[in-house]
Amino acid sequence: MARDTLSKLRAAVRDVPDFPKAGIIFKDITPILKDGALFRSSVDIFLRQLHDKRIDKIVGIDARGFLFGSAVAYELGIGFVPLRKKGRLPYRTESARYSLEYGEAEMELHIDAIERGERIVLIDDLLATGGTSASAATLIKKIGGDLTEAIFLIELEFLHGREKLVPTPVTSFLKY
Ligand code: AMP
């Protein structure tokens, strides 16, 4: 991916201080989403990372992981699985609790979302402490998925979230 594209994406990410609570600098990606060319290039960098790889499904994390994950799954012609906050999925679920940079939460996955042995790629907008993705990884494996890698548009490196995902390979494009 051209360095120019990455710098345009980086320039579009908006820092919102003290959201959703004091001390957090929220990385707002809506300026990328509202710009057709930027949105397309943000999806393209995920696609480039997955070029020529054998993947069965994308799991996207509620809610911004759905935006990139579903676009990637559509383009690759593979299935998309939403990993949702507790209480949103209608059918039987597996769930896992975890702690966030700004709170506590519980995520759920439909028990029949993934077939045993399917090769899964996890996608979200941002890797912070890694709590969300680590619980996603646990859930994916619990229902039989083979998590081959995790990809994020943004990584807050100072929070060392990727350490929680070991041994899953982690890729991010905009590092802070
Ligand atoms: P974590 O579990 O700490 O890695 O948090 C990752 C999840 O929380 C992702 O779904 C992000 O969208 C969201 N998140 C955490 N911190 C931020 C932040 N500073 N800016 C934007 N989103 C964040």
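**Figure 1. Surroundings of threonine 148 in the predicted model**. Beyond its neighbours within four places in sequence, threonine 148 is in contact with Arg119, Ile120, Val121 and Pro169. Threonine 148 itself belongs to strand S8, which spans residues 146–155. Its relative accessibility is 19%, and threonine 148 therefore counts as buried, the cut-off being under 20%.

**Figure 2. The cis peptide bond between phenylalanine 19 and proline 20**. The omega angle of this bond is about -5°. Proline 20 is placed in the loop that runs between strand S1 (14–17) and strand S2 (25–28).

**Figure 3. The cis peptide bond from valine 166 to proline 167**. Here omega is near 10°. The loop that holds proline 167 lies between helix H6 (162–165) and strand S9 (170–175).

**Figure 4. Aspartate 52, a residue other than glycine with positive phi**. The phi angle of aspartate 52 is near 70°. Aspartate 52 is found in the loop between helix H3 (36–50) and strand S3 (57–61). With a relative accessible area of 73%, aspartate 52 is classed as exposed, because that class begins over 50%.

**Figure 5. Histidine 160, a residue other than glycine with positive phi**. For histidine 160, phi is near 55°. The residue sits in the loop between S8 and H6. Histidine 160 has a relative accessibility of 45% and so counts as partly exposed, a class that lies between the limits of 20% and 50%.

**Figure 6. The crossing of helices H1 and H3**. Two packed helices are described by the angle between their axes and the distance between the axes. The axis of H1 (residues 3–12) comes within 10 Å of the axis of H3, and the two cross at roughly 120°. This angle makes H1 oblique to H3, because it falls outside the range of 65 to 115 degrees for roughly perpendicular axes and is not over 145, the limit for roughly antiparallel ones. The crossing of H1 past H3 is left-handed.

**Figure 7. Residues in the contact of H1 with H3**. From H1, the participating residues are Thr5, Leu6, Lys8, Leu9 and Ala12. On the side of H3, they meet Leu38, Ser41, Ser42 and Ile45. By residue class, this contact of H1 with H3 comprises five nonpolar, three polar and one charged.

Notes. Residues numbered from 1 in each chain as written. Predicted model: local features only at pLDDT ≥ 70, side-chain atom pairs only at ≥ 80, totals over all residues. Heavy atoms only, no water. Helix = DSSP H or I, 4+ residues; strand = E, 2+ residues; numbered from the N terminus. Buried < 20%, exposed > 50% of the residue type's maximum accessible area, 1.4 Å probe, protein only. Contact = heavy atoms within 4.5 Å. Axes fitted to C-alpha atoms, helices over the stretch in contact; angles between N-to-C directions. Parallel < 35°, antiparallel > 145°, perpendicular 65-115°, else oblique. Left-handed = near helix turned anticlockwise from the far one by under 90°. Nonpolar A, V, L, I, M, F, W, Y, C, P; charged D, E, K, R; others polar.
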